[in-house]
Structures are given as structure tokens and as C-alpha cells.
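Welcome, and take a moment to turn the model around before reading on. We will start where the two chains meet and then walk through each of them in turn.

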Amino acid sequence: MRDTDVSTTLSVRVVYLARLREALGTSGETLTLAPDAPPTIESLVAALVRRGGHWAHELAAGRAVRFAVNHRLVNRAHAIADGDEVAIFPPVTGG
Amino acid sequence: MSVRVQAGDFDVGEEISRLRAHDRSVGAIASFIGTVRDVNDAASIIEMTLEHYPGMTESALEAIVDDARQRFDIADALVIHRVGTLLPGDQIVLVVVSSAHRGMAFDACAFIMDMLKTRAPFWKKERLPDGERWVEARASDDEAAARW
């Protein structure tokens, strides 16, 4: 029973950086994801967009947003695992 | 091979001397220095602040340097990138590559910069006379990275 409980809750740390941190008004949060389907970056973004307001505006389809999971760049199809650190940020502008 | 992310300035001559010391197989050293311009998109820049993603930044730069080492026959490489608030004229980034011959050194240096511009988690915010703005990524940077 305990094992089942553990496998059905998935907790990730989400970090917002640079312009997105300012636009969303937060540098990060811990999210518990619904277990009904294997979660991906795409489904995480969809959950954030459902909040509406700035979230829907900044993360809307077609906006230039980049993602990293555990400090590696990934695309929207990337699967998320329990305990992952997901970073959401604008295209980089260093150099 | 080494990468550094730091607030302080760097001495290009000192860094090159250190990189080429003790390796007499090196016949070519290519370097790139990026600096803060005083004008961007027709606006005067008072200062620029560079934000990064601590934890990812070093590993992203190391991955780029590793990639360069696999693609090009190079002896050594160094990347230094500054963070924090910088003024026009300040140095932002240094890439130094050593190799037996110039072709590989030039190519690896350009490759590292093109990858850094599109894959390393740094963001620039400019302070202008009438407020602040985040620098937008340029399509030309994606095109430069795509040529590799």
C-alpha cells in the first residue's frame, strides 16, 4: 500500500529564471504532479498555463521558452521523474 | 580544459600564458574576448547585469568544451564568463584554445562561442537612461550555432 502511494505522487522543484522570474513573480516552487499520465515538460507547462493570467500569457504556445531538467537542456517531450529540478527560462543571451 | 564563472575581471595575458605553459606541442593559440558595448539596438547602455543559473552554468560550459575537444584536435581550452553588473568597455567572456595548428584553434574557438551563445544559461539585462530591459535572443546566434 505504501509503495502504491509513493508511486502515485510525483514532486518536482520548478525554477524560473531571468525575465520569466520577473514576469511570473516567483523564483520557484515545489509542484506535485498528477499521476494519471507519464508527466513531461509539455504536461507541466500545460498545468502552469491553466493557472491563467501571467502564466497563460508567458508560457503560451509559440512563446520562446527553454527548459532544463537537472541542469541539462531538454525539449518539451522530455519525461519528468520524481525529485527532478525543472528550470524554465527565456532563450539565453550570454557571451 | 577549464571553465570559470566569476564576478571579477580577468587578465587575458595571464590566462594565455598559463594555458600555454609546459606544452611545447602547441603552435597556435586562438582567443576571443567579448566586451560590453555602450550602445545596443539604438539605446545607450549605462550598465549591464548578467544573471546565470548556478549549478547548471559550469556544467553547460564543461559540456561545450568537451564537445569541442571531440570535434577538433585541440591541446587545451579555457572559458571564463563574468556575472553580475558590468559597465560599457568591461570584459564579459574569454575563450582561449590552443592547438598544434591555427585551423583547429580558430574553429574550436568559434565553435565554443557559438555554443555558449545558445546553450549556456546566462541572461543580460541592460540599464538604459529611461529604465531597464532584458536583452532578447538573436536569430543570428541560432544560425551561427546551427552551422556546426
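Two residues are in contact if their C-beta atoms, placed from the backbone, lie within 7 Å. Keep in mind that what you see is a predicted model. With that meaning of contact, 15 residues of chain A and 22 residues of chain B take part where the chains touch. On the side of chain B that touches chain A, strand S5 (47–52), helix H3 (102–119) and strand S9 (122–128) of chain B each supply at least two residues. The largest share there comes from H3(B), with 5 residues. Sorted by class, this side of chain B holds 13 nonpolar, 5 polar and 4 charged residues.

Let us now look at chain A. Chain A contains 4 helices and 5 strands, and along the sequence they come in the pattern α-β-α-β-α-α-β-β-β. The C-alpha trace of chain A spans about 50 × 30 × 20 Å along its principal axes. How does the radius of gyration of chain A stand beside that of a compact globule with 95 residues? Such a globule would have a value near 12 Å, and chain A has 14 Å, which agrees. Of the 95 residues in chain A, 23% are buried. If you take the contacts in chain A between residues at least 6 apart in sequence, 53% of them join residues at least 24 apart.

A word on confidence helps here. The average pLDDT of chain A is 91, and 91% of the residues score at least 70. Residues 1–6 of chain A have pLDDT under 50 throughout, and the model gives them 0 contacts beyond four places in sequence.

Next, find helix H3 of chain A, which covers residues 41–49. Which of its residues are buried? They are Ile41(A), Leu44(A) and Val45(A). Looking down the axis of H3(A), you would see these buried residues fall within an arc of 100°, so they line one face of the helix. What covers the buried residues of H3(A) includes four strands of chain A: S2 (28–33), S3 (66–69), S4 (72–74) and S5 (85–89).

Two loop residues of chain A are good stops on the way. Ala64(A) sits in the loop between helix H4 (53–58) and S3 of chain A. Is Ala64(A) buried or exposed? A residue is exposed if 12 or fewer other C-beta atoms lie within 10 Å of its own, and Ala64(A), with 8 such neighbours, therefore counts as exposed. Setting aside its neighbours within four places in sequence, Ala64(A) is in contact with Pro90(A), Pro91(A) and Ala137(B); the last of these belongs to chain B. Thr30(A) is 34 residues away from Ala64(A) along the chain, and their C-alpha atoms are separated by 23 Å.

The other stop is Asn70(A), in the loop between S3 and S4 of chain A. Its phi is near 50°, a positive value in a residue other than glycine. Asn70(A) is partly exposed, because 16 other C-beta atoms lie within 10 Å.

Now move over to chain B. Here you will find 4 helices and 10 strands, in the order β-α-β-β-β-β-α-β-β-β-α-β-β-α. Taken along the principal axes, the C-alpha atoms of chain B fill a box of roughly 55 × 30 × 30 Å. A compact globule with 148 residues would have a radius of gyration near 15 Å, and the 16 Å of chain B agrees. Buried residues make up 34% of chain B. Among the contacts in chain B with a separation of 6 or more, 77% involve residues 24 or more positions apart.

A good place to pause in chain B is strand S6, residues 74–82, which is mostly covered, with 8 of its 9 residues buried. Strand S1 (residues 2–6) of chain B runs parallel to S6(B), and 5 bridges join them. In this pairing, Arg4(B) stands opposite Ile80(B). S6(B) is also joined by 7 bridges to strand S8 (residues 91–99) of chain B, and these two run antiparallel. There, Ala77(B) has Val97(B) as its bridge partner.

Our last stop is Ala42(B), in the loop between strand S3 (39–40) and strand S4 (43–44) of chain B. Ala42(B) is a residue other than glycine with a positive phi, near 65°. It counts as exposed, because it has 5 C-beta neighbours inside 10 Å.

How values were computed. Residues are numbered from 1 along each chain as its sequence is written. Chains are lettered from A and ligands numbered from 1 in the order in which they are written. This is a predicted model: local features need pLDDT of at least 70, side-chain atom pairs count only at pLDDT 80 or more; totals for chains, interfaces and linings use all residues. A residue is buried if 20 or more other C-beta atoms lie within 10 Å of its own, exposed if 12 or fewer, and partly exposed in between; C-beta atoms are placed from the backbone. The arc is that of the directions from the helix axis to the C-beta atoms. The radius of gyration is taken over C-alpha atoms; the globule rule is 2.2 Å times the number of residues to the power 0.38. pLDDT is the predictor's confidence in each residue, from 0 to 100. Ala, Val, Leu, Ile, Met, Phe, Trp, Tyr, Cys and Pro count as nonpolar, Asp, Glu, Lys and Arg as charged, and the others, Gly among them, as polar. Two strands pair if DSSP finds at least two bridges between them.
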